Amino acid sequence: MEAPPPKPDPEDRLPAEPDIDELSPIEEVRLTVTNTDDPTLPVWTFRMWLLGLLSCGLLSFLNQFFAYRTEPLVITQITVQVATLPIGHFLARTLPRTRFRIPGFGQRVFSVNPGPFNIKEHVLISIFANAGSAFGNGSAYAVGIVTIIKAFYGRSISFLAGWLLITTTQVLGYGWAGLLRKYVVEPAHMWWPSTLVQVSLFRALHEKDEQRMSRAKFFVIALICSFSWYALPGYLFTTLTNISWVCWVFSKSVTAQQIGSGMRGLGLGSLTLDWSAVASFLFSPLICPFFAIVNVFAGYALIIYVAIPIAYWGLDLYNASKFPIFSSHLFTAEGQIYNISAIVNDKFELDITKYEEQGRIHLSMFFALTYGFGFATIASTLTHVAFFYGR
């Protein structure tokens, strides 16, 4: 009788072809995000809740604290990604591994230390931290309203009213995301370049890499160099934040200061060696696709180097020459700082009589045009979607 053929060794089998439905249509996503999963990794652990809640509260405080800088310093979840990795491994080594049951959960067994610190815990901790940094935007937008009421007008607002105001404006984004989930969340083409940076960092920190210059090693070197360099423009030599050579050459010319100043003018020819100044408002250009950077630069050039000079020097629009070209202050018709608190009565309402005494409020040309273009961009999103994705 002929012997049956030997059974194939599972180790010799070729890897299965990936399901076409699991492959992203975006090349950048395919190269960065793995489409495999390990369902055995613990997720809802004590370490995750502890570090996640602490990270959320800490980033919320720090981002609000730094939001009052001239160049706001936004501390994103990348900081938490790096900081919580050694803490997570430390907790995995020191927390007790005792298993116990909780009444009401049947035969399920729990432990504050279910095993090694894994990538899924790390991701959830970073999601907590991301919420604390207003999803990369720094501080909650409505906090500015509470700040204005208390610090600028010197009025009081109850904790409950301020909390409701901030919470409702933050949750509004979730509401829009839920309503438009079918169109802006679920489709595979709706990808976020900044998220790929986080995914790449997670893989660098958790996956083994035997190359001479691994991703984790390269990241540590870049982190040390970046941290060391920031001491120069941040503390030791702050001039590096704004190198305006035009202002140095023509130090007595008001027009040169308006054109060349990077802090109080159009910034033509102005340079910076401070990364926080580069990424303070438009965030890091390293994580944006090239077409998005070109789009932003084109809009910036049209507004700063075309629209504002024509409106200010060419047309003298709204008597613009009486006011600074770049300022967030409000002015009277004579160019003096407008006393806002004087036109608000005890009921925190507009006092028409006082308002007529001071006259109309005037804005700097930069403030007025950028505010107008800001509203235009909201309407332009509808036009963009209609033209490019109408079908």
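This passage looks at the nonpolar cores, a buried serine and the aromatic pairs of a predicted model. Residues are numbered from 1 along each chain as its sequence is written, and side-chain values use heavy atoms, with hydrogens and water left out. Local features need pLDDT of at least 70 and side-chain atom pairs count only at pLDDT 80 or more, while totals for chains, interfaces and linings use all residues.

The largest nonpolar core (buried Ala, Val, Leu, Ile, Met, Phe, Trp, Tyr and Cys residues joined through side-chain atoms within 4.5 Å) has 14 residues. Met48, Leu59, Val80, Phe117 and Ile125 have the most contacts inside this core. Two or more residues each come from α2 (46-66), α3 (77-94) and α4 (119-132); helices are DSSP runs of H or I with at least four residues, strands runs of E with at least two, numbered from the N terminus. A second, separate core of nine residues includes Ile304 and Ile325.

Ser261 sits in the loop between α12 (254-260) and α13 (275-278). At 10% relative accessibility, this serine counts as buried (under 20% relative accessible area; exposed is over 50% and partly exposed in between, with a 1.4 Å probe and protein chains only).

Turning to the rings, the structure holds 13 aromatic pairs (Phe, Tyr or Trp rings, the six-membered one for Trp, with centres within 6.5 Å; stacked under 30 degrees between planes, edge-to-face over 60, the rest tilted). Phe326 and Phe366 form a tilted pair, 4.6 Å centre to centre with 50 degrees between the planes. Phe326 lies in the loop between α14 (290-314) and β3 (330-331) and Phe366 in helix α16 (residues 365-389), so the pair ties together parts 40 residues apart in sequence.
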